Amino acid sequence: MQNRFKFTTIFLFLLIFVAACSNHEQADQSSDKQEQTSESKEEQLTISAAASLKDAMDVIQHTYEEEHPEITLQFNFWGSGSLQQQISQGAPVDLFFSAAEDKFDLLVDEGMIAKEDGIDLLGNELVLVVPKENQSIKEFEDLVTETDKISIGTPETVPAGKYAKESLEKMDLWKDIESKVVYAKNVRQVLSYVETGNVEAGIVYKTDASVSNKVEIVASADPATHSPIIYPVGIIKDSKHYEAAKEFYEYLQSDEALKVFEEYGFTTK
């Protein structure tokens, strides 16, 4: 009788133990499946974009992520030349949105962007800005006599700086003001220098000047004095999220996205 009781107790214990292990294993498998499902639904796209695109892209990011909850957009805003160099050196990027054709074309020539996966999407204007309290500078020629410091982007890596230098050279002003130039890492830094009064004037895109309440546009550069300002965008060929990147690339060309760009002062074709 006593042996039978012991046997029954051991048998019940084993049943409970097996059932507990089975439930635990099923819970783990269910958890794993949920994690795998969650991971399969979420993708992060990395977009390297010109600094001048930031305000418009912030709006587009908010809208796109609301409409596509499975996608997270990660932006790297900087000078187009620096971004191009990073991508050439293997930085993990899914799309490149440049403020200059030549920087974009370098990646096409290197085979990093297929020609069919790129498009010239936007245009912009080049303007001279001063702090709002400055009343002495009215035109580009005043940079020679009315300033001690002016700022432009570094021409080798910042397209706005390249366009600014071209324009000043075309107006025969570059030699007279070159020693006054304070170079910036990107166009937003130029704007900051002007806003804080560190320089008396700066040359930026119209889109950048329009989002600041601390500067005033006093002159616009004649488009004939510099290379065309064109913003191409394209998909990096080796993107690990090519299909998701292509979907966002196509969204940027939609009426909804183009309307946002136009609201921030960009020109569209």
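What follows is a conversation between a visitor and a guide about a predicted model.

Visitor: What does the secondary structure of the protein come to?

Guide: The protein has 11 helices and 11 strands. Of its 269 residues, 43% are buried. Among contacts between residues at least 6 apart in sequence, 78% join residues at least 24 apart.

Visitor: What makes strand 2 and strand 11 edge strands of the open sheet?

Guide: Start with the order of the six strands, 2-1-3-10-4-11, in a sheet with mixed pairing. Strand 2 (71–78) and strand 11 (267–268) each have a single partner strand, so one side of each is left without a neighbour in the sheet.

Visitor: How do you know that strand 3 and strand 10 pair?

Guide: Pairing takes at least two bridges. Strand 3 (residues 95–97) and strand 10 (residues 230–235) are joined by three, and therefore count as paired; they run antiparallel. In one of these bridges, Phe 96 has Gly 234 of strand 10 as its partner.

Visitor: Which strands does helix 10 touch as it packs on the sheet?

Guide: Helix 10 (residues 242–252) touches strand 1 (43–50), strand 2, strand 3, strand 4 (118–123) and strand 10. The direction of helix 10 makes about 155° with that of strand 10.

Visitor: Why is helix 2 called roughly antiparallel to helix 11?

Guide: The axes of helix 2 (residues 54–67) and helix 11 (residues 255–263) cross at roughly 155° and come within 9 Å. Angles over 145 degrees count as roughly antiparallel, so this pair earns the name. The crossing of helix 2 and helix 11 is right-handed.

Visitor: Which residues meet where helix 2 and helix 11 come together?

Guide: From helix 2 come Ala 56, Met 57, Val 59, Ile 60, Thr 63 and Glu 67, and they meet Glu 256, Ala 257, Val 260 and Phe 261 of helix 11. The residues of this contact divide into seven nonpolar, one polar and two charged. Thr 63 is in the contact and is not on the nonpolar or charged list, so Thr counts as polar.

Visitor: What makes strand 5 mostly covered?

Guide: A residue is buried when its relative accessible area is under 20%. In strand 5 (residues 126–131), six of its six residues are buried.

Visitor: How do you know that strand 5 pairs with strand 8 and with strand 9?

Guide: Set the bridges against the cut-off of at least two. Strand 5 has four bridges to strand 8 (residues 201–205) and five to strand 9 (residues 215–220), so both count as pairs. Strand 5 runs antiparallel to strand 8, and its pairing with strand 9 is also in the antiparallel sense. Val 127 has Val 204 as its bridge partner in strand 8, while Val 129 has Ile 217 in strand 9.

Visitor: Which residues of helix 3 are buried?

Guide: In helix 3 (residues 80–88), they are Ser 80, Gly 81, Ser 82, Leu 83, Gln 84 and Ile 87. These buried residues pack against strand 1, strand 2, strand 3, helix 4 (101–109) and helix 6 (159–170). Just after helix 3, Gly 90 takes a positive phi of about 100°.

Visitor: Why does Asp 172 count as exposed?

Guide: The relative accessibility of Asp 172 is 64%, and exposed means over 50%, so Asp 172 counts as exposed. Asp 172 lies in the loop between helix 6 and helix 7 (174–177). Its phi is near 60°, a positive value in a residue other than glycine.

How values were computed:
Residues numbered from 1 in each chain as written. Predicted model: local features only at pLDDT ≥ 70, side-chain atom pairs only at ≥ 80, totals over all residues. Heavy atoms only, no water. Helix = DSSP H or I, 4+ residues; strand = E, 2+ residues; numbered from the N terminus. Contact = heavy atoms within 4.5 Å. Axes fitted to C-alpha atoms, helices over the stretch in contact; angles between N-to-C directions. Parallel < 35°, antiparallel > 145°, perpendicular 65-115°, else oblique. Left-handed = near helix turned anticlockwise from the far one by under 90°. Buried < 20%, exposed > 50% of the residue type's maximum accessible area, 1.4 Å probe, protein only.
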